[in-house]
Structures are given as C-alpha cells and as structure tokens.
Amino acid sequence: MRRDRIVVSVVLALAAVCLSSRSSAQRPEIHRDYQDTTVRACTDFYSFANGGWARSAIIPESERWIGTDADATNRANEVLNGILTDAAARYRTSSDVTTQRLGAFYASCMDSTRANREGLLPVRAELDRIDHVASRADLSRELAHLQLRWVDAAFGTLPSFASLQVRVWAYADMKNSTKNILWLYQGGIGLREPGSYSRADSASKAIRAGYGDHIARTLVLAGTPEPQAKTGAETVLAIETKLAEASLTPEESSVPTNVYEPTTVDKLAAMVPAIDWPAYFAELGVPGLAGNTTLSVSPSKFFRRLNEQLLQRPLADWRTYLRWQLLHSVGPDLGSPSDAESFRLATLITGMTKPPPRAKRCTEEANELMGMAIGKNYVERAFPPAAKKRIEELVANLRTVLRDRIATNDWMGAATKAEALKKVDVLRVEVGYPQTWVDYAPVPISADKPFVENVMLLRRFEDQRHLAKLNRPVDRVEWEMSPAAVNAYENPQFNSLFFPAAILQPPWFSLDADDAMNYGAIGWVIGHELTHFFDDQGRQFDANGNLRDWWLPEDEKRYQDRAQVVRRQYDSYVAIDTLHVNGGQTLNENTADIGGVTIAYYAFQRALASQPRPARGAGYSPDQEFFLNGAQSWRFKTRPELMRLIVAGDGHSPPYWRVNGSVSSLPEFAAAFSCKEGDSMARPPEARARLW
Ligand SMILES: [Zn+2]
C-alpha cells in the first residue's frame, strides 16, 4: 500500500511543465542518442544507456526534474488538460454531472483574476474559527475540522506507507484484513520529513532558516504584525521540532509493526487526555465510538509527545500553529502575494526558479482531487482495450515466473514455500482502471465559488468517503490512485496490485514495441510491484492479507542474511556530494528492483521462446535491448536540493543506483554484455544477493 516510483514528500504539490508532443506510432526502439558509448556497459550501465542525455538535458526552470517520469506525466497531463478544457467550455449547459463538476472545478481554478482580487478572503471564515478556539474542546474539534480539509493539523499526515490522499482514514486492520478500523498517524510538520528538523549539515540548516522566515512572512500576509509574526514562526518551529523528534523516520515507517499500533478508544483517551476525544470524533463524523472500539494510533510515542505539548503550551500558541498550517495547505490558491510566498518555499526546497503555468497546476489538482472522474475520461481517450489485454498477458507471464522461482529457490524450506505460493496464487492484479467509479455528484462544486472552497469541499468529500468505510466490509479491489496517475502500487493487506492506465504508455509500454522493449521497461515495473509482496514489509503479510508471521525461523534467518547483503550494497553508494544512499531506508525498494528485473527477464525468455523475435539486422541482441530499454526507462535528472531530499526521505534509491545496483546483481546481465570478473557491473557472487 504505497505510492511507488519517485514520489518525494515535498512540501508543495507543484506541477511540472512543458507539454511534449505525442510520439508517432512507429515501433519504439532504443534511443541511441541518449547513450554514451564511450562508457563501457560493464563499468557503468546507467551512463552507457543514458549518459549522452544526462549531459545535455536541461531541467526547465519550472520543473522539479526531467526524465521518463516527467515526460510521461506531461503526456498524460496533455490528455487531461484537453478533457478539462472541453468540460470548462460546456459545464453550464451539459447534462452530464461529471462534465459539470470537472468543468466548474477547472474554471474556478483558472480564474486568477478572482483569486488575486479576493486574496485571503476565501479563508477568512476558517481563520475566524481558529481565532475563536478558547478551550481544549474547541481545539479538539478544530483539529478534526481542519484534518477533514487536509490541513496538517497536529497529526494525520499522508503516511509514507499509504497510497491514500486522505488525512484520517478508515482502513483494513493489519491483523484482520476483513475489518475496517480507524487509523490515526503522526503528522503536523510542514517540512514533512522528520530529519529535516534536526540534521546538522549546512544545507539542512539553510532550509530550516528559510522555512522559519517563510512562516513569518505567511503570518504577516494573514494580518499578523511583523514582530508577532516572527515570534509566531518561532513557536510553530518549536512545536514542529518537538513533534518531528517523536516521529518515525522514513526507514522506521517501512516496518509494519511500527505503523500499526492497535489500541482502544478508552486507552487512547488515557494516553492523550489533552484532546477531548468525544468532541474530536463527533466533528470528524464518527461519533459514538464505544470505549472498547479498536483503532490504530501510531506511533504512540508521537501521540504522547503531542499530549505533552498540548498540555504545556497556551492555546494562543496552538491558534498560531493552526493558522500557519491552514495557510500552508492552501497558500498557492489565495492569489498572487500568497502564491508567490508559497513558491519561495518550493524554490528553497526543490531549486525550481519559475512557477509552473496555472493550467498545469489546475490539471494536476483536478487529477489529485477528482481522479476517479477525470481518470474515467482519460481511459476512454488514451487506453485502448488491446493495451489492457496485452498487459494482462504480461502480468500472467511474470506471475508464473515468480511462482516458479519461489518453488525452485534453494534457500526456503518447504513449509515456508507453501505459504508463499498460496500468496502468489491469490494475488489480484488490477490493470488500467477500476470496475466502479466515484460519483462526485454530491459535491456542490461551482465556478461561482472561490476556488479554495471547491478544493476544501472535495478534500472533505474524500475524507468522509473513506471514513464511511468504518461500517462497511473491506473492498479488496478498490482503487486508491487515479487511473491517470503515472504510478503503480501494491497493497499487501489486499494482496492486490494496481497499474493505472497512465503508466502503461511509452517508454514503459507500447502496443507497437517488441517484447524486449516492453518486458525491459513495464515488465521491470510489474516485476518490481510483484516483488513488493515479498520484500521485508510485504513478506510479513499472509495470503489473507493479515500481518502474521508465517516464516520458519531458519528461513527468516536466511532471508535476513540476504537482505543484509542488499542493505550493505546500497549503503556503499554515494548519491550526491558525500551523501550516501541509505540502504535500510531503501531496502524494500531495492529488493523489489533486483527481484523485478529478474522476474521480467525470465518472463521475457518465456515470451521469446514462444514467439522468437524477427532479425533486426546489426544492433543489440534481444537480451541487450531488454536491459537497455529498462535502463533508459529510468533516466532521471534533478537538482542537488531535491536529490538531497530524495536521499533523506524517499524509499527509493536515486534512479542511477536503481539501474546499476540492480543489473550488477544479475549474472544474466553480465552474460548479455560479456562483463568480466572485476567489472563494476558484475558483482562477485558473495556480494550479490537475490531474494526472488
Ligand atoms: Zn516500489
């Protein structure tokens, strides 16, 4: 249940830019112009595949990065923007509710004149509510009120392990995957990644100083006199620092038993008496929870720290903190001074120097908030049934290979293998789009409302839609990601895999491409997601999706020994300056990368055996093409600011090491490129760990 690919938890969800033109319908081939053939494939495969591109590619000022991911996102956005522009032209007359909602949303987002004229007016009522917080009960209600609107109020951030967008949510119990429970999770820190508040290097210190100034200026924009705004920013930073200290690090949050801490409503009330829980739950829309109701509150050390802070600090401090969090959450939508101030923070963190065009931002926001409406249109326009069929065949081949490799591996005992195979057999793979769509008819979006109001309505709708699951059985094939997202995810609690339509496009996948190309790129991605069911997180769930230890101790030991090799391998890689990849934080993703390319490779061999490839003349062999397109599909370039953030907070290794770390672990790669002992891309057997 995680967002995959490169999804950095940066402060602002800012869009990218530059709509690239659609590629023609020719048979996709290796981009020779991207390569640097002065580098040996066996020395540095990423550079052999992408070095020419990496040297010449320039990151546009308003983009966070460039590469395959950005290209595909831009292509998808082009389709989405067409849908929104059409809807905005006819929403007032259309009888179709989806068109009405999408059109009104987009029209209100694009109305920059109104946003500039109104400034902070659309959030005055919310600011007033915060000003009127005069008691613990008021504060408790206000936390729920703001969290329902995705304001990061004290707790309830999007956790790194979840693919959900909501803040407080009902979701399957990790130990009983048929039952939905309420989940409360750490949060409340504007910089998102807890280490940002304590790291001593100069880049981190500069970010903290700039962040403090940004908070002060934001409070000034909301009418706080300057000296008070400065004190206010210090208060906010002090609160956030305390919360960050008690938060799970990205590495810790990849451990299921850290993020799942079952307790009861009564025990929560005893642990955090500073919050009036009946008032909080009532405002959240889940009143009357019995004292013995199970919920997950994690990590408990965070909630104890929050309790301590709530008791120690006067309400005035919390009003300042909430004011900041509210403005932080909608800053870009409140007209130009506020928008510009929000962008200053983005510049500080990502190195972007120019904001993306409004149309791009509005398109991405529509995909985020109404993904199941715009995604349906996207599928109709851009995802033919033949593509779905071809991907399903690919998935079936990969699953067979994974099954065979588990059945025949030499390190697992028979009993553990039997449990693992049960898991493979029940896996569900969802391709392209969901069977049922979300109906946005109940959300009164209107172009006559300020845009922020529409945003808040949709956020609350989404939270309430999730909270309503508390009283319903778990739906294992429910999608949590827009079909128009360039992404994929797996959910170990449902034993389900989800591949949105928008990732099933070139260079990952093309109906016109050879199998070598498709298996090397989308095959690697699918293999990666399949492997997640057996990485150090996924393997702790059984065939029913329950957190249960089904491993015999000796098999677990052998698993951990292999995982240690992977951990050490990636720990040794330098990402930028002297900063190393964190082998622990990225262990699950690295395991999935190595397993993914292996499974894809053997699935490709099966495809090749049943349908040999026609001769293509001089060039690369099918195996070489497989690896080359795989490597080219990971091409990626970003600025130092963001690279540091990826290393500090992302579960994935930088793409350079995703490629080189993976292929150097495969003897099949060494064979394909005739690498010799001692070559960097041919790790010696004792330094090579392949779990799957
Ligand atoms: Zn992954």
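**Close-up 1. Surroundings of S662 in the predicted model.** Leaving out residues up to four places away in sequence, S662 touches W524, Y570, D593, I594, V597 and W657. The residue belongs to helix α25, which spans residues 655–663. S662 counts as buried because its relative accessible area is 0%, below the 20% limit used for that class.

**Close-up 2. The largest nonpolar core and its contributors.** This core comprises 203 residues, among which F45, F155, Y280, F627 and F673 touch the most other members. Helix α22, covering residues 587–610, gives the most to the core, with 10 residues. Both domain 1 (35–79 + 366–687) and domain 2 (120–333) supply at least three residues each to this core. In soluble globular proteins, nonpolar side chains tend to be buried together.

**Close-up 3. Contacts of Y280, with a view of a second core.** Once neighbours within four places in sequence are set aside, Y280 is in contact with S140, L143, A144, Q147, F155, V168, L184 and I275. One of these partners, F155, is, like Y280, among the residues that touch the most other members of the largest nonpolar core. A second core, separate from the largest one and made up of 14 residues, includes Y260, V474, F494 and F541.

**Close-up 4. The open sheet β6-β8-β7 and the helix packed on it.** The sheet has 3 strands in the order β6-β8-β7, and its pairing is mixed. Strands β6 (428–432) and β7 (489–491) form the edges, each of them pairing on one side only. From one strand to the next, the twist averages 15 degrees. Strands β6 and β8 (residues 496–500) run parallel and are joined by 5 bridges, and R428 stands opposite S496 in β8. Helix α20 (residues 515–532) packs on the sheet, where the helix touches β7 and β8, and its direction makes about 155 degrees with that of β8.

**Close-up 5. Helix α17 and the elements that its buried residues meet.** Helix α17 (residues 385–408) contains 24 residues and reaches 35 Å from its first C-alpha to its last, which is close to the 34 Å expected at 1.5 Å a residue. Its buried residues are A387, K388, R390, I391, L394, V395, N397, L398, V401, L402 and I406. An α-helix has 3.6 residues a turn, so residues three or four places apart point the same way. The buried residues of α17 pack against α18 (414–426), β6, α20 and α22.

Notes
Residues numbered from 1 in each chain as written. Predicted model: local features only at pLDDT ≥ 70, side-chain atom pairs only at ≥ 80, totals over all residues. Heavy atoms only, no water. Core = buried A, V, L, I, M, F, W, Y, C linked by side-chain atoms within 4.5 Å. Buried < 20%, exposed > 50% of the residue type's maximum accessible area, 1.4 Å probe, protein only. Helix = DSSP H or I, 4+ residues; strand = E, 2+ residues; numbered from the N terminus. Domains from an automatic or database assignment. Contact = heavy atoms within 4.5 Å. Pairing = 2+ DSSP bridges. Axes fitted to C-alpha atoms, helices over the stretch in contact; angles between N-to-C directions. Expected span 1.5 Å × (residues − 1).
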